[in-house]
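Please look over the sequence and the structure shown below. The paragraphs that follow go through a few local features, beginning with a helix and ending with the surface.

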Amino acid sequence: MNYDVIVIGSGPGGYVAAIRASQLGLKTAVVERESLGGICLNWGCIPTKALLKSAQVFEYINHAAEYGIKTAPAEADFAAVVKRSRGVADGMSKGVQFLMKKNKIEVIMGTAKVKSGNKVEVKAADGSQKEITAPHIIIATGGRSRELPNLKQDGKKIIGYRQAMVLPEQPKSMVIVGSGAIGSEFAYFYATMGTKVTLVEFMDNIVPVEDEDISKQLLRSFKKVGIDVMTASSVESVDTSGAGCKVQVKTASGMQTLECDIVLSAAGVVANIENIGLEETGIKTEKGKVVVDEFYNTSVKGYYAIGDIVSGQALAHVASAEGITCVEKIAGHHPEPIDYNNIPGCTYTSPEIASVGYTEKAAKAAGYELKIGKFPFSASGKASAAGAKDGFVKVIYDAKYGELLGAHMIGANVTEMIAEIVVARKLETTGHEVLKAIHPHPTMSEAIMEATADAYGEVIHL
């Protein structure tokens, strides 16, 4: 065998799995067809956060007078904003290259195809092919923008998230289809930069996986910045024959026609499982995902799958955790299976959203009797001082045992606060323990303690 482990794909699942394998003494190779770091570092998590930061800075400057600062009117240089984002992504990708060298992992550029007998065929860009072998092959090929049948992406007028990050010029108007994390983040970015944005969501609430109270607050915040939101609506067709786009939207009150420069399809992601040898190797798939057990073994011994191509949340930190768990099991360690009900989700709009565990609706459906507490940032001294009073923290406890079932936050910097809840749930912390853990003042994080106090009828600052 050439290697102990071959990892196909170098996104946050693949490269993390490779590094952990090398740390555990396994001779490791990574096959990557495009850029080290995968979609997350190059076209996802990292460059979008750079774009969002530019939008946030622009927003700060435009509201500087509220902080007692006089400035000249701000002007956004869209091309420079995009250039900065690409620079940040390039820097992170180079960081992964360094980590590969540091950990003595061989990087093989090309398109991989798994074959029977623990083999991987790699086709390079110049057409040359070679075969490599390993007793353990981890497939981490990630996902791509889902293309709806009636919304075919042409890369110019109807685009996916990749094109949305590098448009040559800022559109005057945009219709965004889908209000999950991707759609909502781009809605905030483009609206803040000055584009007229309409957000169309098929479900009854925007960010539909979130607690309904969060969805309602984000809707208020979006309307405040001028985003038009259409819920319980679907895009039926788009006419791109003219200068712009004519979008036919089906709503509860009938059909509406929207005109815009660009349509962004943000209806989720689909797994990259085509043409990588799964059928020939006999690896089982179901509903567009690779079937795996709790340690990411596929139906064929010696082949594993992690990240967006398996069931579970399609998030970078989930893929990384899966990669580490998979490799530690391969190396003979005894890792715990991942608890998928304790995975934090973050959306980097302004205000930010962060959540983990049960929503109120799901907790009731599971049969729990609940104690629910909410603390609005309008009552927070730190939020008032920062001029960021939109939002709240909502905590959900089991009334019988005090178990922390879930938490849902919307506000400034809440993505930095959610880890407290994740750790608390991992340690099976009770509501009483959270309440008696002294939080620093003034901080946004003390809202967690205050919300808990509200759940138990002991809140001081409401």
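Against which elements do the buried residues of α14 pack? This is a predicted model, and in it the partners include three strands: β23 (370-376), β24 (392-398) and β25 (404-411). The helices α12 (418-426) and α13 (431-436) are packed against as well.

Helix α14 itself spans residues 446-455 and is mostly covered, with nine of its 10 residues buried. From the start of the helix, Glu446, Ala447, Ile448, Met449 and Glu450 are buried. Ala451, Thr452, Ala453 and Ala455 are buried too.

What follows the helix? Just after α14, Gly457 has a positive phi of about 70°. Ile460 also belongs to the segment after α14. Ile460 counts as exposed because its relative accessibility is 65%, and the cut-off for exposed is over 50%. Glu450, in contrast, is one of the buried residues of α14. Ile460 and Glu450 are 10 residues apart along the chain, and their C-alpha atoms are separated by 7.5 Å.

Another part of the surface carries a nonpolar patch, formed by Val57, Tyr60, Ile61, Tyr67 and Ile69. Together these residues have about 450 Å² of accessible area. Val57 lies in helix α3, which covers residues 45-62. Is Val57 buried, partly exposed or exposed? Its relative accessible area is 37%, so Val57 is partly exposed; that class lies between the limits of 20% and 50%.

Technical notes
Residues are numbered from 1 along each chain as its sequence is written. This is a predicted model: local features need pLDDT of at least 70, side-chain atom pairs count only at pLDDT 80 or more; totals for chains, interfaces and linings use all residues. Side-chain values use heavy atoms; hydrogens and water are left out. Buried means under 20% relative accessible area, exposed over 50%, partly exposed in between (1.4 Å probe, protein chains only). Helices (H or I, at least four residues) and strands (E, at least two) are DSSP runs, numbered from the N terminus. Contact means heavy atoms within 4.5 Å. Patches are made of residues with over 30% relative accessible area and no salt bridge: like charges are joined within 9 Å, nonpolar side chains (Val, Leu, Ile, Met, Phe, Trp, Tyr) within 5 Å. Accessible areas come from the Shrake-Rupley method with a 1.4 Å probe; for residues, only the protein chains shown count as cover. A salt bridge is a side-chain nitrogen of Lys or Arg within 4 Å of a carboxyl oxygen of Asp or Glu.
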